[in-house]
Amino acid sequence: MSVPSVVAAPTSSIESAKQLAAWTAVDKHVFPNHQVIGIGSGSTVPYVVERILAQGPEVNKDRVFIPTGFQSKELIVEAKLRLGDADQYPRIDVTIDGADEVDKDLNSIKGGGACQLREKVLAEAADTWVIVADYRKNSQVLGTNWKQGIPIEVVPFAYAQVLRGLATLGSPAPKLRMAKMKAGPIVSDNGNFIIDAPFPEEQMKDPLTLLTRIKLLTGVVEVGLFCNMAKAVYFGNEDGTVTAKLQGGRVENYSKSPVAA
Ligand SMILES: O=C[C@H](O)[C@H](O)[C@H](O)COP(=O)(O)O
């Protein structure tokens, strides 16, 4: 049986870095006994699926894959893997997802693709939640490289009030995220709006406090700050190595192995 192809071969150093991170994370965290697997969103995740497919049809035939949104649902279907949903599988063995930025303590900003609500549900459901990213996402403090702000999903009729609330919390310029090829705001997979709220560095240094405050604003559905959740983060580097930051502070570096083509 031929293995379906879900992603083209990388043609840039950034794409190669994403692939290396994804392959290494799969090799380290997706084991044959894992039956329920969460598939995150973004441009790094197709390489995760590619590596899972390489584990072979025998190991994948009894597995169920849970998507974090429309994109990953399509990816799972295209890969001819079995699709499930979070309400059928409230406990997941392992979820692998991308991120927009990750700090020194493995806290992350997510939601650049407006998927943070489902992503957080699948992160919380997972025994092991792992992030994969390229080197541009590796920071000391959130907001250093990801300047557009924290993605916040809000119910549409409350967006103006949430914008005011975010300004009161200290965000200098929270903005409703507008669509590119449609008039008006983008609408999430859950039918909601997204606000991007930048905050000063001082507040970004304590993402858990910020998350708690934003979440309390009426009308907020979910905040794209993921705190104290990741077991490990794999960054693909420009030189073809991978840096793994693990819960507890350990850092490991891998040369081209353990990823074998
Ligand atoms: O909403 C989207 C997600 O949080 C993505 O995982 C995040 O934006 C990272 O995507 P990418 O791997 O394309 O940078």
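This text walks through a ligand site and a small set of strands in one protein structure. The model is a predicted one.

Start with the ligand, which sits in the largest pocket. The shell around the ligand counts 16 residues, and S41, S43, T44, D100 and K137 come nearest. Sorted by character, the residues of this shell comprise 8 polar, 5 charged and 3 nonpolar ones.

Some of the contacts can be followed atom by atom. D100 takes part through its side chain: a polar atom there lies 2.6 Å from an oxygen atom of the ligand. A114 contributes its backbone instead, with an N or O atom 3.2 Å from a ligand oxygen. For C115, a polar backbone atom is 3.0 Å from an oxygen atom of the ligand. The ligand taken alone would expose 370 Å², and the protein buries 90% of that area.

Now turn to the strands. In general, strands of a sheet pair through backbone hydrogen bonds, in a parallel or an antiparallel manner. Here an open sheet of 3 strands follows the order β4-β5-β11, and the pairing is antiparallel. The edges are held by β4 (101-102) and β11 (225-226); each has a single partner strand, so one side of each is left without a neighbour in the sheet.

Strand β5, residues 108-109, is joined to β11 by 2 bridges, and these two strands run antiparallel. Within this pairing, which residue of β11 does S108 stand opposite? The residue facing S108 is F226.

Definitions and conventions
Residues are numbered from 1 along each chain as its sequence is written. This is a predicted model: local features need pLDDT of at least 70, side-chain atom pairs count only at pLDDT 80 or more; totals for chains, interfaces and linings use all residues. Side-chain values use heavy atoms; hydrogens and water are left out. A residue is near a molecule or strand if one of its heavy atoms lies within 4 Å of it. A polar contact is a pair of N or O atoms within 3.5 Å; within protein, one must be able to donate a hydrogen and the other to accept it, and residues adjacent in sequence count only if both atoms are side-chain atoms. Accessible areas come from the Shrake-Rupley method with a 1.4 Å probe; for residues, only the protein chains shown count as cover. On a 1 Å grid over the protein atoms alone, a cavity is a set of points where a 1.4 Å probe fits but cannot get out, and a pocket is an open set with protein on both sides within 12 Å along at least five of seven lines; lining residues have an atom within 4 Å of a point. A molecule sits in a cavity or pocket if more than half of its atoms lie within 2 Å of its grid points. Ala, Val, Leu, Ile, Met, Phe, Trp, Tyr, Cys and Pro count as nonpolar, Asp, Glu, Lys and Arg as charged, and the others, Gly among them, as polar. Two strands pair if DSSP finds at least two bridges between them. Helices (H or I, at least four residues) and strands (E, at least two) are DSSP runs, numbered from the N terminus.
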